[in-house]
Amino acid sequence: MTVTGTSSKRTIISVDAMGGDRGPAAVVAGLALSADKNPDIGFILHGDKPTLEKLLAKRRDLAEVCEIRHCDEVVTMDAKPSQVMRKGQKTSMWSTVDAVKQGDADVAVSCGNTGALMALSMVRLRKLPGVNRPAIACLWPSRNPGGFNIMLDVGADVRADETDLLQYALMGASYARNGLGLARPRIGLLNVGTEEHKGRAELKAAHEMITEAAPGANFDFVGFVEGGDIPGATCDVIVTDGFTGNIALKTGEGTATLVGDFLREAFKATPLSRIAALLAMTSLRRLSKRIDPRRVNGGVFLGLNGTVVKSHGSADATGVSAAVKLAFRLAEGGFTQKLAARVASASAPRQDAVTPGQETLRGQQSPEGQEGKQAE
């Protein structure tokens, strides 16, 4: 979706301006950061029009690339998805997803209630043919050259059988190609050990199915991986069920925050430690940026007829901007169409290549250039 403006075309992001713990002020501040860095982006803001107009009045450049769609109601963080589905037609979240369904926007972004957003997205956008359970994929800081790994599912559904895990592997591989530029991503299946005899029955069955699918799907399956491999360089995509993935995600975020707090306490403990902190300021800032959860804010809903990015509910302007940046990158690459091609071609999956000549993060040239035409 493109519109005319100061740029010849714009990628339009549909934004739930009322979702999240920090309110519309944080959302608008995040959009301002994105608009300042990217002249090819535009927004449809959904929420209370008078409130949003006041916020945009202070940011004239942002106002020029925004359309406001008034909504009377908001989905609260404690709202039950079933209630939102029955009575949520007037909410900003419903309007946000509907803009993608109607073709007015390329991708939706919300900081709101995850369960409600997934339920709305599934009903309004529908699942891709062949997808049993959609998944939420997140980026995880890692030792890989590109700096991130992908993990899914991290909370869309607490259950997953072997067929679901195979679909997660296919969708995760497509995300890695089109989101991270990896021509041949490495897939790992999260387990309590790397030995093939370990784990639940569905994990063992999924191991066999993913092994069989890997050659035709143009990814490398490294087998079982453990929790310590999530931030490592063993693989690029970690596949697991939503229950395990969500706990791992929240644990990782909490640990990163704890490490940051401990470092600040340590460097404030004595006068000498304060001097040491000044001397190490550049390195500390680099570390803080590396482990900052806001930099990787944004879980992508995979398996739907449309792209939805779920931002953390507590996201500040930096976090919102990161989610918008991710949404823009996926929309620009035609991710939804390529993912649909991947799922549809699961029996002979060779269709969602990166564009011809694209360099991967590992410095490789894509071997799948000619196949990209089939997915467009």
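Two strands count as paired when DSSP finds at least two bridges between them. Keep that in mind as we walk through this predicted model, starting with a pair that fits it well: strand β10, residues 299-302, and strand β11, residues 307-310, run antiparallel to each other and are linked over 3 bridges. Within this pair, Val300 faces Val309 of β11.

Let us step back to the whole. The protein is built from 14 helices and 11 strands. Of its 376 residues, 52% count as buried. About 17100 Å² of the protein is exposed, and carbon and sulfur atoms supply 53% of that area. The chain also brings together residues from far along the sequence: among contacts between residues at least 6 apart, 69% join residues at least 24 apart.

Now for the sheet. It is an open sheet of 11 strands with mixed pairing, and its order reads β3-β2-β1-β4-β11-β10-β5-β6-β9-β7-β8. At the edges stand β3 (66-70) and β8 (220-225); each has a single partner strand, so one side of each is left without a neighbour in the sheet. From one strand to the next, the twist averages 25°.

Two helices that pack on this sheet are worth finding. Helix α6, residues 114-125, touches β4 (107-110), β5 (135-141), β10 and β11, and its direction makes about 175° with that of β11. Helix α7, residues 162-180, touches β5, β6 (148-152), β7 (186-190), β9 (237-239) and β10; the angle between its direction and that of β6 is about 150°.

What lies inside? In soluble globular proteins, nonpolar side chains tend to be buried together. Here the largest nonpolar core has 66 residues, and those with the most contacts inside it are Phe43, Tyr175 and Phe219. Helix α7 gives the most to this core, with 10 residues. Looking at Tyr175 and leaving out residues up to four places away in sequence, we find that it touches Ala137, Leu139, Ile150, Leu180, Val300, Leu302, Leu326, Leu330 and Phe335. Val300 is the residue we met opposite Val309. There is also a second, separate core of 32 residues, which includes Ala99, Leu125, Met151 and Leu190.

Ala99 takes us to helix α5, where it is one of the buried residues. This helix, residues 92-101, is mostly covered, with 9 of its 10 residues buried. Its cover includes β1 (11-16), β2 (41-47), β3, α4 (81-87), β4 and α6. Just after the helix, Gly103 takes a positive phi of about 85°.

Next, look at the loop between β8 and β9, where Ile230 is found. Is Ile230 buried or exposed? Its relative accessible area is 5%, so Ile230 is buried. Beyond residues up to four places away in sequence, Ile230 touches Trp140, Ser142, Asn149, Met151, Leu190, Ile238 and Ala248. Asn149 is 81 residues away from Ile230 in sequence, yet their C-alpha atoms are 7.3 Å apart in space.

Helix α8, residues 201-217, holds His207. With a relative accessibility of 11%, His207 counts as buried. Neighbours within four places in sequence aside, His207 is in contact with Leu189, Glu196, Phe221, Gly223 and Phe224.

A few backbone details round off the tour. Most residues other than glycine have a negative phi, and most peptide bonds are trans. Against that background, Arg126 has a positive phi of about 70° although it is not a glycine. Arg126 is found in the loop between α6 and β5, and it is exposed, with a relative accessible area of 53%. Asn218, in the loop between α8 and β8, also has a positive phi, near 60°. Asn218, however, counts as buried, at 6% relative accessibility. As for peptide bonds, a cis one joins Leu152 and Asp153, with omega about 0°. Asp153 lies in the loop between β6 and α7.

Finally, how many disulfides does the structure hold? The structure holds 0 disulfides. Cys66 is buried, with a relative accessible area of 18%, and Cys111 is buried too, at 5%.

How values were computed: Residues numbered from 1 in each chain as written. Predicted model: local features only at pLDDT ≥ 70, side-chain atom pairs only at ≥ 80, totals over all residues. Heavy atoms only, no water. Helix = DSSP H or I, 4+ residues; strand = E, 2+ residues; numbered from the N terminus. Axes fitted to C-alpha atoms, helices over the stretch in contact; angles between N-to-C directions. Contact = heavy atoms within 4.5 Å. Buried < 20%, exposed > 50% of the residue type's maximum accessible area, 1.4 Å probe, protein only. Disulfide = S-S within 2.5 Å. Areas by Shrake-Rupley, 256 points an atom, 1.4 Å probe, with all protein chains shown as cover. Core = buried A, V, L, I, M, F, W, Y, C linked by side-chain atoms within 4.5 Å.
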